[in-house]
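Here are some exercises to work through with the structure open on your screen. Try each task before you read the solution.

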Amino acid sequence: MGSTGEINGSGNLMDFLDEPIPDVGTYEDFHTIDWLREKSRDTDRHRKIANKSKESIWEFIKGLLDAWSGWVVMLLIGLLAGTLAGVIDLAVDWMTDLKEGVCLSAFWYSHEQCCWTSNETTFDDRDKCPQWQKWSELMVGRSEGASAYVLNYFLYVMWALTFAFLAVSLVRVFAPYACGSGIPEIKTILSGFIIRGYLGKWTLLIKTVTLVLAVSSGLSLGKEGPLVHVACCCGNLFSGLFSKYSKNEAKRREVLSAAAAAGVSVAFGAPIGGVLFSLEEVSYYFPLKTLWRSFFAALVAAFTLRSINPFGNSRLVLFYVEYHTPWYIAELFPFILLGVFGGLWGTLFVRGNIAWCHRRKTTLLGKYPVLEVIAVTAITAIVAFPNPYTRRSTSELISELFNDCGALESSQLCDYINDSNMTRPIDDIPDRPAGPGVYAALWQLALALIFKIVITIFTFGMKIPSGLFIPSMAVGAIAGRIVGIGVEQMAYHHHDWIIFKNWCRPGADCVTPGLYAMVGAAACLGGVTRMTVSLVVIMFELTGGLEYIVPLMAAAVTSKWVADAFGKEGIYESHIQLNGYPFLDVKDEFTHRTLATDVMRPRRSEPPLVVLTQDSTTVEDVETLIKDTDYNGFPVVVSKESERLIGFIQRRDLLLAIKSARQKQDGVVSSSVVYFIEDAPQSPASSPQSLKLRRILNLCPFTVTDHTPMETVVDIFRKLGLRQCLVTRSGRLLGIITKKDVLRHMAQMANQDPESILFN
């Protein structure tokens, strides 16, 4: 510091950077963070705190508070995410039922809550009570007949259109980022990309409100993906309370990884599945410390949701099931067939949805999002109302399909022909022949399956919050239940066949159709998202079916194999590609034999690389350079002749440093020389004051030689999260490779359009 004092004393050189400049080291919107720089800044911060904590007891306490701040943030995220999920669940229940009728004793009660409070409800007619009236009863005093049906139909469609219109209008006007599922963008943000406002307060508020409206409108979408976005918004909100996270983008991403786990925890009531989902599906950098914190955040969120008890069944989930019969080895064949169906549906959905979204982006359709939402809602509501399985909310449909047929079930799916001499215990009912209700239900389910497959392709990606988990599970659950009933009836009528002989005696309860629905749901969700481990854990936490892990694993793995045979990308990766986000997927393999020199810029036909010199560039030169180019940073060399590399400086830091110097220091003018060296020479008294910017220069930029294989370069970019890497030969600077260059090169090698890697 002594030498700096002497130089400052001479009045010719200014090292104003001994004071930190506001905003240096921050990033602009739609730029990638420098993971290495953020990591080293955090290490410096830790070192300072550790040294200071030895000075006094107060500093020691501050150090302890800093260490605990991570757990405090997790606690707050869990509490807020759990509360919001509970409120969303209750509001969706009420507004979904509002399309069909209203509770006279308290209009804010859903159908189920209304009949709970009634003293006149019988067990057989537990859905009917005088307090709950359909719109036709309220308006024309009739619940049956053509006029009542038409009125109910009309009002169902009108409510659906109202909810959808409100949702799309709120998103459009107040928070355009609140649309979609949010998971592709969160994956991109966690990989180090900055999208300002995507996790902001407005997005949180609007997404929460419009999610309720969108799900209640009856569209083929779920709330699970958007709940991950909501939880990440909570994480971003609470990160701002502590400078440890608000000033370090890499640390903030650790919080967001844990918040994603809390989001899945409350979406499915699956805390462990949430942690695994964050690890397998969304996170880019997931150290062990983040694993523990994710676990804690998911635990707090699940506990908060359980305290609210939105489903009134003291469970975290709507789909809790208890099956009374084990599964048998012979059943693995239909389970694997369901896995194949899931893989094929996943491929169809990904390709169809991406083609439709691409069309939306490139044609006039994209200019009328409100009209598109209204049209899809109208078609959905008009087609859905006549079929009882599509009229109800998708969650209720899945719940019914998962259910085992007990003696007290009144569902059409349980309309079996009973043996009058049956004296078995209530929960162990033998396989029985299907009655007319089951056959009617099968037809309706087959129609519902076709409808769901088609409409979900057009629904996902519209300008409203839309999750994918529940519609995918519904497709699988319908297919699974149909297969389950088929196997059950086959076992009943042909129990002497060799495949049934060993395990299915006449009069025994052999086949559980609900289990097939559960396996089908897992297979279809796996086919669309390509999840495996987290999917199986989520499914058994969701349903409580711990002993059915093997069928779930078989179906999940089969669906992934089948879907991967047609294309490696799941729906989230495909949407990342469609939007051109700069995301380097860790799962992708790069197998081409190209070298760094093939990818670096400038190419032979291009002008030479723009560089700064260490001691001969003026402030005016730097400002002209920044004005004339749009590069994110500049290499600094000894001189343009030698091209020996000194370091790398970020464009934003350079701009802020010069602006701050001009404001705070007299004598810094356009002709002032900028020095990037430690000991700058003394300037004559007559010359303008110089500017020393060595403090903001990155003296150890990552470099590779021109003969480094691109396979290694891609690996370095992935594992270190680099923004750019300089190419040298014998210490001389040759060129630069940025993350976008790597992505363009990978697209080119995969015969895709390299220009699609520009963020749109």
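## Exercise 1: Cysteines without a partner

Cys357 is buried, since its relative accessible area is 5%, under the 20% cut-off. Keep in mind that you're looking at a predicted model.

**Task.** Work out how far the sulfur of Cys357 is from the closest cysteine sulfur, and why there is no bond.

**Solution.**
- Start at Cys357 and look for the closest cysteine sulfur: that one belongs to Cys179, 10 Å away.
- Now bring in the cut-off: a disulfide needs two cysteine sulfur atoms within 2.5 Å. At 10 Å, the sulfur of Cys179 is too far from that of Cys357 for a bond.
- Then try Cys524, which is in no disulfide either: the nearest cysteine sulfur is that of Cys357, 19 Å away.
- Cys524 is buried, because its relative accessible area is 0%.

## Exercise 2: The cysteines that do pair up

**Task.** Find how many disulfides the model has by the distance rule, then give the handedness of the one between Cys103 and Cys114 and of the one between Cys115 and Cys129.

**Solution.**
- The count comes to two disulfides.
- Take Cys103 and Cys114 to begin with: their sulfur atoms sit 2.0 Å apart, and the two form a disulfide.
- The torsion about their S-S bond is about 75°, so this disulfide is right-handed.
- Cys103 is in strand S2 (residues 101-103) and Cys114 in helix H4 (residues 111-116), so the pair ties together parts 11 residues apart in sequence.
- Check burial too: Cys103 counts as buried at 2% relative accessibility, and Cys114 counts as buried at 0%.
- On to Cys115 and Cys129, which form a disulfide with their sulfur atoms 2.2 Å apart.
- Here the torsion about the S-S bond is about -75°, so the disulfide is left-handed.
- This pair links Cys115 in helix H4 with Cys129 in the loop between H4 and strand S3 (132-134), 14 residues apart.
- Cys115 is buried at 6% relative accessibility, and Cys129 is buried with a relative accessible area of 8%.

## Exercise 3: A threonine in a helix

**Task.** Decide whether Thr304 is buried or exposed, and list what Thr304 is in contact with, leaving aside neighbours within four places in sequence.

**Solution.**
- Locate Thr304 in helix H13 (residues 288-308).
- The relative accessibility of Thr304 is 9%, so this residue counts as buried.
- Look back along the chain to Val300: the backbone oxygen of Val300 lies 2.7 Å from a polar atom of the Thr304 side chain.
- With the neighbours within four places set aside, Thr304 is in contact with Gly78, Leu79, Gly82 and Thr83.

## Exercise 4: A sheet and the helix across it

**Task.** Give the strand order of the sheet that includes S10, and say which strands are at the edges.

**Solution.**
- Begin with the record: an unreviewed UniProt entry lists "domain: CBS" for residues 600-664 and 697-755.
- Residues 697-755 are 37% helix and 27% strand, with the end C-alpha atoms 31 Å apart.
- Trace the sheet: three strands, in the order S10-S11-S12, make an open sheet with mixed pairing.
- The edges are S10 (703-705) and S12 (732-738), each pairing on one side only.
- Neighbouring strands in this sheet are turned by 35° against each other on average, direction ignored.
- S10 and S11 (residues 724-729) run parallel, joined by three bridges. Within S11, Val727 is the bridge partner of Val704.
- Finally, find helix H28 (residues 710-720), which lies across S10, S11 and S12 and runs at about 60° to S12.

How values were computed:
Residues numbered from 1 in each chain as written. Predicted model: local features only at pLDDT ≥ 70, side-chain atom pairs only at ≥ 80, totals over all residues. Heavy atoms only, no water. Helix = DSSP H or I, 4+ residues; strand = E, 2+ residues; numbered from the N terminus. Buried < 20%, exposed > 50% of the residue type's maximum accessible area, 1.4 Å probe, protein only. Polar contact = N/O pair within 3.5 Å; in protein donor to acceptor, adjacent residues only side chain to side chain. Contact = heavy atoms within 4.5 Å. UniProt positions renumbered as here; feature names shortened; annotations may be inferred. Pairing = 2+ DSSP bridges. Axes fitted to C-alpha atoms, helices over the stretch in contact; angles between N-to-C directions.
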